[in-house]
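Student: I have a structure open and would like to talk it through with you. Could we start with a pair of helices and then turn to confidence?

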Amino acid sequence: MISAKRVTPYLFVGLTFALAAMGAAGSETGLRTLAAFAFLLVCPGLPWVWVLGDVEARVAVVVAIALSVAIDVLLSEAMIYLRLWSPVWGFVILTAIGGLGLALGAKRGYWDRQGNEIRQPAPVATAMPAAQDER
Amino acid sequence: MTGVGYDYYRQYAPMREETAEDVYAINQLAGFSSKAANSSMRTLLPETSSPSSETHVSVTSIAFKPKGPMLDRVRSGIRSAPAPVIMLAAVMVALFSNVPGIRPENMTDTGLVSVLPLGWFGQLALLIVSFAIAMHAKDCPPIVRTAHIVCFIVLIHGTPDLVYGTLRYSWAWKHIGVVDYISRTGTVNPSASLYSPYYNWPGFFTLFSLGKSFAGAKSALAFASWAPVYFNLLLLAPLSAFFGSFTKDKRVVSLACWLFYIGSWIGQDYFAPQALNFILYIVVLVLWLRFLDPDLSNIAKSTRRTAMVIMVLLQVAISTSHQLTPVVMTLALTTMVVLRKGRGWRVAASAVAINAAWLASGARTFTARNLKSVADGFGSVTENANSSLSDLAKASSGQLIVAQMGRALSAAMLVLAIVGILRMRKSKSLLVPLALMALPGTLLVASSYGGEIIFRVYLFALPGAAFFAAVALAPREEGRWTLRRSALLAGLSVPLIGAMLFAHYGGDRQYHFTRNEVSGSEWLYSNAPAGSLVIGLTSNLPWAFEHTEQYRYRWLATEDDPVRQQIINDPVQTVNDAIDAKPVAASFVILNRGQQVQVEANGILPVGAAQNVQTKLLSSGRFRIVFQNADVTVMKRESE
């Protein structure tokens with residue numbers, strides 16, 4: 001089984017490269033629209049979810065998307081108010097923000113861990129062998 | 001849990017304290033035998049404890065969940081609840097099969113409901129029954145119930161998009177224009193009076209300008225019409241986490257989500273800042289409830305601080321993107337801190353500070369212009385509330401039904417919520433959701449919000465109301481969901497959804513635009529020179545979606561008397577006066593199907609008056625047609 005955490009780096013890299021490639025090719029398809037919004041919803045925030053520790057998957061998804069949207073909003077507003085509007089640089093900065101989160105998470109070994117099995121509490125360790133014996 | 005009533009609703013899902021019973025139940029779910037589960041429970045219980053005791057053991061609930069790949073969970077769903085899975089699959093396979101037969105041109109004043117075929121209602125009925133059975137099925141995994149809600153969202157909000165094929169709501173077209181302006185110029189224009197709120201709180205528009213550029217789209221129209229579908233889908237996870245903060249009964253969470261989407265009839269989920277900001281608002285509440293609530297003892301200090309930083313980032317995004325959401329968020333956070341003596345006072349203080357700072361900086365143009373009108377409206381609760389309600393005396397009979405359905409659905413949600421509140425009255429967990437439901441009502445004191453305040457109050461109160469409504473319908477003991485209760489749920493869902501369909505789709509005869517109407521507007525913006533004046537009866541047409549800064553507008557039927565009266569009595573002179581009021585590069589009169597429907601259905605002008613305006617302008621010999629199709633006529637004055 002591949003845990004959600006292990007998927008994150010692949011998702012980040014895949015979406016970033018897919019969008020960059022379609023942008024470079026000048027694609028105007030619905031697929032590029034999907035990739036663009038998937039990138040905006042996932043790439044800036046998901047790689048930073050590790051900062052909250054091992055939270056429930058549902059909460060992690062919620063935080064990842066909301067954090068991505070907040071970063072997108074703040075960056076796009078900053079570019080407008082600083083009169084530095086550039087979608088290309090926006091893409092580069094968002095990729096850099098996500099990439100930094102990914103790297104820092106990797107440094108802590110977060111992406112290699114199994115999904116929800118970390119911090120296995122003591123009571124389970126007591127209960128599990130009994131259950132396995134029973135089987 | 002027997003005997004503890006609804007106090008267990010206060011047991012938080014993440015990192016919460018688990019009772020020995022929880023461990024027993026979860027181990028059973030994980031596939032261990034009763035004996036093994038009993039054994040594990042014994043290891044957790046003191047010698048004297050009974051199975052119903054509230055002995056707590058510090059564990060993380062997430063560690064016990066039998067999570068597996070999605071496919072495993074789907075397989076488990078099929079095994080444990082085959083009937084709802086098969087019924088859901090049937091609905092999904094034929095999801096939009098009825099759409100090609102729908103003829104929007106035959107729509108009456110009751111909206112899209114009047115032309116939906118029986119097969120579409122059959123699908124919906126099957127979905128309702130299937131959801132009710134999924135609630136009853138003993139081991140049905142939550143993902144099956146979630147799939148029902150997803151299907152409901154796609155069916156309800158996807159159908160209009162496929163039927164019309166164009167963007168609904170004239171004001172959503174204006175939002176397309178703001179995205180166009182920002183992505184074209186790289187700036188905002190806070191002093192542009194028509195778009196003042198958008199440019200003073202531009203976050204939503206700058207985000208979608210970036211998205212439009214990333215997507216390589218020529219216009220935000222490429223992704224705007226499906227906004228109700230994707231905004232509602234995006235809301236589902238935060239909403240589920242929000243409800244999951246008050247109860248660990250996953251059926252109640254699913255039911256609350258189901259009821260929320262049924263109750264959400266007010267159409268605030270289109271391509272607009274409030275839709276996105278409402279999602280962010282719910283996430284802020286989730287973060288507070290999951291990381292800062294004082295009942296949570298096992299959250300590390302560093303994690304709390306991190307959650308606070310994320311909340312502050314979200315607050316900045318919200319405060320710079322929408323006028324009303326930051327106010328509600330500030331009220332909610334302050335109330336929770338006061339009620340729960342939470343550690344999050346810094347977050348509440350930052351919400352106040354960020355909002356005030358933005359009002360004085362980025363939104364200073366709007367603040368300076370509107371401070372007086374906000375101050376004048378402050379305290380006028382009745383006037384503010386009434387400004388949102390349509391004048392039913394003037395409305396058509398179809399619109400009368402639509403308005404009454406909306407009111408009946410809101411009242412039904414309130415009644416169900418009150419029953420839920422009464423059932424939870426002895427619970428210490430009552431306060432937070434009750435406060436979140438009640439406090440948006442205080443907005444009525446502050447402002448009429450352009451005549452929309454009561455709808456916004458309803459929207460912000462709805463999550464709390466949906467939770468209590470779910471509590472009202474759920475059994476007191478978790479898992480005791482009888483077939484009779486499922487029948488009750490299905491029986492109740494039918495009239496509620498029926499009212500929702502009328503209330504939500506009821507305005508569609510005027511809110512949707514035909515392809516002909518879009519063609520007319522596209523012709524106008526392709527041919528009208530910069531600096532032109534566009535005149536119509538109302539703004540109910542696709543408008544201002546490109547080059548917003550180049551045109552001026554006058555909507556004569558929505559102006560105050562005597563203009564509104566004059567357009568009925570002497571349309572030629574009224575239009576001439578409007579054109580001559582200020583020098584313009586050119587002037588165009590545009591009359592479309594949508595304007596005619598709106599003025600008649602809402603009683604703005606007498607029936608036939610809109611057609612009379614067009615006839616009199618043309619018969620005067622002073623105006624000529626420059627573009628016309630079945631739904632639009634664009635005219636120009638002869639002398640120009």
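Student: Which residues in H3(A) do Leu40(A), Leu41(A) and Val42(A) meet?

Tutor: Happy to help, and keep in mind that this is a predicted model. Leu40(A), Leu41(A) and Val42(A) belong to H2(A). Their partners in H3(A) are Ala64(A), Ile65(A), Ser68(A), Val69(A) and Asp72(A).

Student: How many nonpolar residues does the contact of H2(A) with H3(A) have?

Tutor: Sorted by class, this contact has one polar and one charged residue. Ser counts as polar and Asp as charged. The nonpolar residues in the contact of H2(A) with H3(A) number six.

Student: Is H2(A) roughly parallel or roughly perpendicular to H3(A)?

Tutor: Helix H2 of chain A spans residues 30-42 and helix H3 of chain A spans residues 57-81, with their axes 6 Å apart. They pack at an angle of about 100 degrees. Angles of 65 to 115 degrees count as roughly perpendicular, so H2(A) to H3(A) is roughly perpendicular.

Student: Where in chain B is the pLDDT below 50?

Tutor: Chain B averages a pLDDT of 85, and 85% of its residues score at least 70. One stretch is below 50, yet has 127 contacts in the model beyond near neighbours in sequence. Where pLDDT is low, the predicted coordinates should not be read in detail. The stretch is residues 1-67 of chain B.

Student: What percentage of the residues of chain B count as buried?

Tutor: Chain B has 29 helices and seven strands. A residue is buried if 20 or more other C-beta atoms lie within 10 Å of its own. Of the 640 residues of chain B, the buried share is 51%.

Notes: Residues numbered from 1 in each chain as written. Chains lettered and ligands numbered in written order. Predicted model: local features only at pLDDT ≥ 70, side-chain atom pairs only at ≥ 80, totals over all residues. Helix = DSSP H or I, 4+ residues; strand = E, 2+ residues; numbered from the N terminus. Buried ≥ 20, exposed ≤ 12 C-beta atoms within 10 Å, placed from the backbone. Axes fitted to C-alpha atoms, helices over the stretch in contact; angles between N-to-C directions. Parallel < 35°, antiparallel > 145°, perpendicular 65-115°, else oblique. Contact = placed C-beta atoms within 7 Å. pLDDT = per-residue confidence, 0-100.
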